[in-house]
Protein chains: 2
Amino acid sequence: MTRWLDPDEQRTWRAFLAASRALMTTLDRELQHDAGMPHAYYEILVRLSEVPGQTLRMSELAEATGSSRSRLSHAVARLEESGWVRREECPTDRRGQLAVLTEAGLAALSAAAPGHVQGVRQHLFDQLSPVQLTQLREISEALLHHLEPDRPTS
Amino acid sequence: MTRWLDPDEQRTWRAFLAASRALMTTLDRELQHDAGMPHAYYEILVRLSEVPGQTLRMSELAEATGSSRSRLSHAVARLEESGWVRREECPTDRRGQLAVLTEAGLAALSAAAPGHVQGVRQHLFDQLSPVQLTQLREISEALLHHLEPDRPTS
DNA sequence: CGCAATTTGTTGAGCTTTCAATTAGATAGG
DNA sequence: CCTATCTAATTGAAAGCTCAACAAATTGCG
């Protein structure tokens with residue numbers, strides 16, 4: 001007894017799917033082209049840059065960026081090779097690792113940020129009315145509220 | 001002279017980012033687990049199932065699924081291995097290839113669809129009011145209208 | 001205390017995606 | 001007709017992601 005999507009729902013779902021995919025791939029491509037990093041890596045640098053000491057536990061960083069631990073491990077390994085992040089032992093928990101934004105990482109972020117923000121403006125904010133932006137925020141937060149609770153940590 | 005995002009914009013952008021990512025990874029995981037295919041492949045089967053003859057040119061299929069030609073080539077190769085799609089020569093253009101949904105492909109799609117639709121309902125439609133769904137459709141279509149025109153075909 | 005259960009983070013394999021290069025066929029202008 | 005240009009689709013390599021398995025440290029509880 002599946003309740004299928006009616007034509008209206010179908011249209012909504014497909015528009016959302018296509019729009020979010022198009023937006024993401026566009027921003028990802030721009031960032032890769034202009035700054036040599038995918039959007040996921042940019043986000044890691046951003047989160048680190050915002051906290052005191054530019055340092056976060058791996059698990060907190062995974063949480064903040066909405067990525068799995070595994071993905072984050074691989075990503076930080078890559079960022080470490082680039083010299084943008086370094087790892088340190090966690091003083092309070094010997095299992096823990098701290099990811100620390102380096103000088104070079106901050107520089108790379110500073111270089112990438114203006115272009116990226118411009119892209120976000122151009123492709124998102126400039127296309128919607130202030131009212132729509134409020135609606136989008138409320139919609140997104142409702143979805144998040146539902147999805148966040150049980151996110152796998154693998 | 002970068003115009004940075006103000007706190008409100010920041011909140012909107014991050015909520016949207018987190019929500020669309022969480023929704024996608026959730027649906028992708030569900031589909032992979034229950035039906036053994038990623039969401040992108042499911043979409044290919046859906047598009048093929050909807051057209052007369054269950055057949056589309058590779059380029060049309062790429063367009064319909066919003067994927068690059070390269071990605072589609074790889075994906076169809078994979079789907080062919082699974083026996084869910086087969087390729088045929090295009091009669092009117094010798095460069096062309098037709099992707100055709102097989103019986104087995106239709107069966108796999110039919111098996112996957114109910115669970116997937118339920119997921120979409122649960123994680124998207126059930127979380128938003130009718131008004132919000134209309135808003136989301138309009139927002140998505142506005143974004144699409146802007147992004148669609150120049151999508152790379154590489 | 002002592003041991004089971006949980007948490008943290010990593011690893012490697014396999015799969016998907018991207019990018020740039022390439023082949024082959026169609027098309028338009030002179 | 002013939003050549004330059006464009007379009008269709010594929011390819012391989014490099015990169016990123018997912019999943020399951022794992023090691024090490026911590027926690028909770030009898």
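This report walks through a predicted model of two protein chains and two DNA strands.

## The model and its confidence

The structure is a prediction. Its overall scores are ipTM 0.92 and pTM 0.93. Chain A has a mean pLDDT of 96. In that chain, 98% of residues reach 70 or more.

## Chain A at a glance

Chain A has 154 residues. Six helices and three strands make up its secondary structure. From start to end, the order is α-α-β-α-α-β-β-α-α. The C-alpha trace spans about 55 × 40 × 25 Å along its principal axes.

How much of chain A is buried? The share is 29% of the residues. Contacts also reach along the sequence. Take the contacts between residues at least 6 apart: 50% of them join residues at least 24 apart.

## A closer look at helix α3

Helix α3 of chain A covers residues 58-65. Its buried residues are A:Leu61, A:Ala62 and A:Thr65. Viewed down the axis of α3(A), these buried residues fall within an arc of 100°, so they line one face of the helix. The general rule helps here. An α-helix has 3.6 residues a turn, so residues three or four places apart point the same way.

What do the buried residues of α3(A) pack against? Their partners in chain A are two helices, α2 (39-50) and α4 (69-81), and two strands, β1 (55-57) and β3 (97-101). Just after α3(A) comes A:Gly66, with a positive phi of about 65°.

## How the two chains meet

Chain B can be superposed on chain A with an RMSD of 0.0 Å. The move is a turn of 180° with a shift of 0.0 Å along the axis. That is the relation of a two-fold axis. Both copies use the same surface: 100% of the contact residues of chain B recur in chain A.

The contact joins 43 residues of chain B to 43 residues of chain A. On the chain B side, α1 (7-35), α5 (103-123) and α6 (130-147) each give two or more residues. That side holds 22 nonpolar, 12 polar and nine charged residues.

## Around DNA strand C

Strand C has 29 residues around it. The nearest are A:Ser59, A:Ser70, B:Ala40, B:Ser70 and B:Arg94. Both chains are therefore represented in the list, as the names show. Four helices each supply at least two residues of this surface: α1 (7-35), α3 and α4 of chain A, and α4 (69-81) of chain B.

Which helix gives the most to the surface near strand C? It is α4(A), with six residues. By class, the surface has seven nonpolar, 12 polar and 10 charged residues.

## Around DNA strand D

Strand D is also surrounded by 29 residues. The closest are A:Ser70, A:Arg94, B:Ser59, B:Ser70 and B:Ser73. Here the helices that each supply at least two residues are α4 of chain A and α1, α3 (58-65) and α4 of chain B.

Near strand D, α4(B) gives the most, with six residues. The surface divides into seven nonpolar, 12 polar and 10 charged residues.

How values were computed: Residues numbered from 1 in each chain as written. Chains lettered and ligands numbered in written order. Predicted model: local features only at pLDDT ≥ 70, side-chain atom pairs only at ≥ 80, totals over all residues. Buried ≥ 20, exposed ≤ 12 C-beta atoms within 10 Å, placed from the backbone. Arc of directions from axis to C-beta. Contact = placed C-beta atoms within 7 Å. Near = placed C-beta within 6 Å. Nonpolar A, V, L, I, M, F, W, Y, C, P; charged D, E, K, R; others polar. Least-squares fit on C-alpha atoms with pLDDT ≥ 70 in both. pLDDT = per-residue confidence, 0-100.
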